Amino acid sequence: MMNVSRSRPHLLPTAAAATTVVLWASAFVSIRSAGAAYSPGALALGRLLSGCLVPGVLMVVRGEGLPPRTAWRGILISGLLWFGFYSVVLNWGEQQVDAGTAALVVNIGPILIALLGARLLGDPMPPRLLAGMAVSFAGAVTVGLSMSGGGGSSVLGVVLCLLAAVGYAGGVVAQKPALGRASALQVTTFGCLVGAVVCLPFTGQLVGEAADAPVSATLNMVYLGVFPLALAFTTWAYALARTTASRMGATTYAVPALVVLMSWLVLGEVPGPLTLAGGALCLAGVAVSRSQSRARSRAVAPETAPGPRPERAPDSV
């Protein structure tokens with residue numbers, strides 16, 4: 001009975017991370033679909049506006065107020081880089097490349113997160129984590145190369161996805177300290193609001209394109225805001241508050257494998273043997289990265305009972 005109660009604090013962040021990964025993978029597919037009717041900036045603004053509603057309502061219901069002043073620096077930076085800048089350039093990039101290539105290039109982000117996390121946050125970089133990231137990155141490269149062999153990728157699209165990866169990494173590293181001072185819901189809600197403000201210049205495009213867009217594209221945009229943004233960013237923030245930025249970033253290497261599967265089922269982008277092998281490598285690398293976390297969680301189990309959140313909680317994802 002005691003073992004179950006001790007493992008429960010680790011199960012919730014793991015479930016939150018898994019939810020984030022699945023929903024973010026679906027976002028790559030939905031962006032490709034909605035992007036046929038909406039321009040990058042309009043899609044980003046529509047997604048952010050719809051994404052602000054759900055956590056905003058939850059904050060009112062839960063009676064949560066403004067984040068403390070010490071959290072605002074991280075919220076503003078993550079809102080600017082991740083919610084705003086990342087959303088626009090990723091939407092633009094996915095109009096130039098296929099979903100698999102976009103997932104590959106953006107997932108350079110975990111490497112940048114590990115480097116920035118070690119430099120700015122003092123995150124540890126244990127050998128098993130580095131090995132898992134190397135295996136996953138090799139898988140992501142395999143997926144990207146196999147899915148872009150038909151010439152569907154462009155230099156502009158790859159550059160845009162690289163910029164998205166930089167914004168993603170910077171946003172994660174900025175968000176981590178804020179989560180030690182504010183709740184996951186507060187950080188997500190106000191980060192989303194900052195991103196929406198950044199994208200307000202695209203209001204005219206959104207209004208004009210919404211009038212002509214098919215209902216399916218608009219529903220995809222709303223889905224992107226409610227699920228891969230509002231829900232997934234909240235579960236991400238919850239899990240990130242309970243582990244290091246480096247380890248959480250490594251978990252997202254499962255995304256390319258899931259994107260391959262979803263692109264096959266939804267977009268008809270049939271994966272070849274090499275693509276499937278790359279997806280398997282991505283998942284294997286995540287398993288390697290997580291295996292040390294399970295070993296350490298057993299070692300520090302007595303220290304993980306529920307209580308006030310420490311400045312940097314033990315690794316559990």
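**Exercise 1. Work out how much of the chain is buried, and what its surface is made of.**

Solution. Start with the count: of the 317 residues in this predicted model, 53% come out as buried. Now turn to the outside. The chain exposes about 13400 Å², and 70% of that area is supplied by carbon and sulfur atoms.

**Exercise 2. Describe the secondary structure and the reach of the contacts.**

Solution. Go through the elements from the N terminus: you meet 13 helices and zero strands, so to speak a run of α after α. Next, take the contacts between residues at least 6 apart in sequence. Of these, 92% join residues at least 24 apart.

**Exercise 3. Find the largest nonpolar core and say which helix gives the most to it.**

Solution. The largest nonpolar core has 77 residues. Look for the ones with the most contacts inside it, and you get Y38, W82, V106, Y168, V172 and W236. The helix that gives the most to this core is α1, residues 2-34, with 11 residues.

Then pick W236 and list what it touches, skipping residues up to four places away in sequence. The list holds T20, W24, W82, Y168, V172, Q175, M248, G249 and T252. Three of those names, W82, Y168 and V172, turn up again among the residues with the most contacts in the core.

**Exercise 4. Locate the empty space inside the protein and describe its lining.**

Solution. Rolling a probe the size of a water molecule over the atoms shows where empty space is left. Counting cavities of 30 Å³ or more gives one. The largest cavity has a volume of about 170 Å³. It is lined by 14 residues, and the closest to its centre are W24, F28, Y86, L90 and V106.

Next, ask where the lining comes from. Helices α1 and α3 (72-93) each supply at least two residues, and α1 has the largest share, with four. Last, sort the lining by class: 11 residues are nonpolar, two are polar and one is charged.

**Exercise 5. Is I113 buried or exposed, and what does it touch?**

Solution. First place the residue: I113 sits in helix α5, residues 109-121. Its relative accessibility is 0%, so I113 counts as buried, the cut-off being under 20%. Now list its contacts, leaving aside neighbours within four places in sequence: Y168, A169, V172, V173, A245, S246 and G249. For a distance along the chain, take R247. I113 and R247 are 134 residues apart, yet their C-alpha atoms are separated by 9.1 Å.

**Exercise 6. Do the same for S39, which lies in a loop.**

Solution. The loop in question is the one between α1 and α2 (40-62). S39 has a relative accessible area of 18%, and because the cut-off is under 20%, S39 is buried. Beyond residues up to four places away in sequence, S39 touches Q95, Q205 and E209.

**Exercise 7. Classify V54 by its accessibility and find its partners.**

Solution. V54 is found in helix α2. At 34% relative accessibility V54 falls between the 20% and 50% limits, so V54 counts as partly exposed. Leaving out residues up to four places away in sequence, V54 touches V226 and A230. Finally, check V54 against L229: they are 175 residues apart in sequence and 10.0 Å apart in space, C-alpha to C-alpha.

Key: Residues numbered from 1 in each chain as written. Predicted model: local features only at pLDDT ≥ 70, side-chain atom pairs only at ≥ 80, totals over all residues. Heavy atoms only, no water. Core = buried A, V, L, I, M, F, W, Y, C linked by side-chain atoms within 4.5 Å. Buried < 20%, exposed > 50% of the residue type's maximum accessible area, 1.4 Å probe, protein only. Contact = heavy atoms within 4.5 Å. Areas by Shrake-Rupley, 256 points an atom, 1.4 Å probe, with all protein chains shown as cover. 1 Å grid on protein atoms, 1.4 Å probe; cavity = no way out; pocket = protein on both sides within 12 Å on 5 of 7 lines; lining within 4 Å. Points joined across faces, edges and corners; volume = space filled by probe spheres on them. Nonpolar A, V, L, I, M, F, W, Y, C, P; charged D, E, K, R; others polar.
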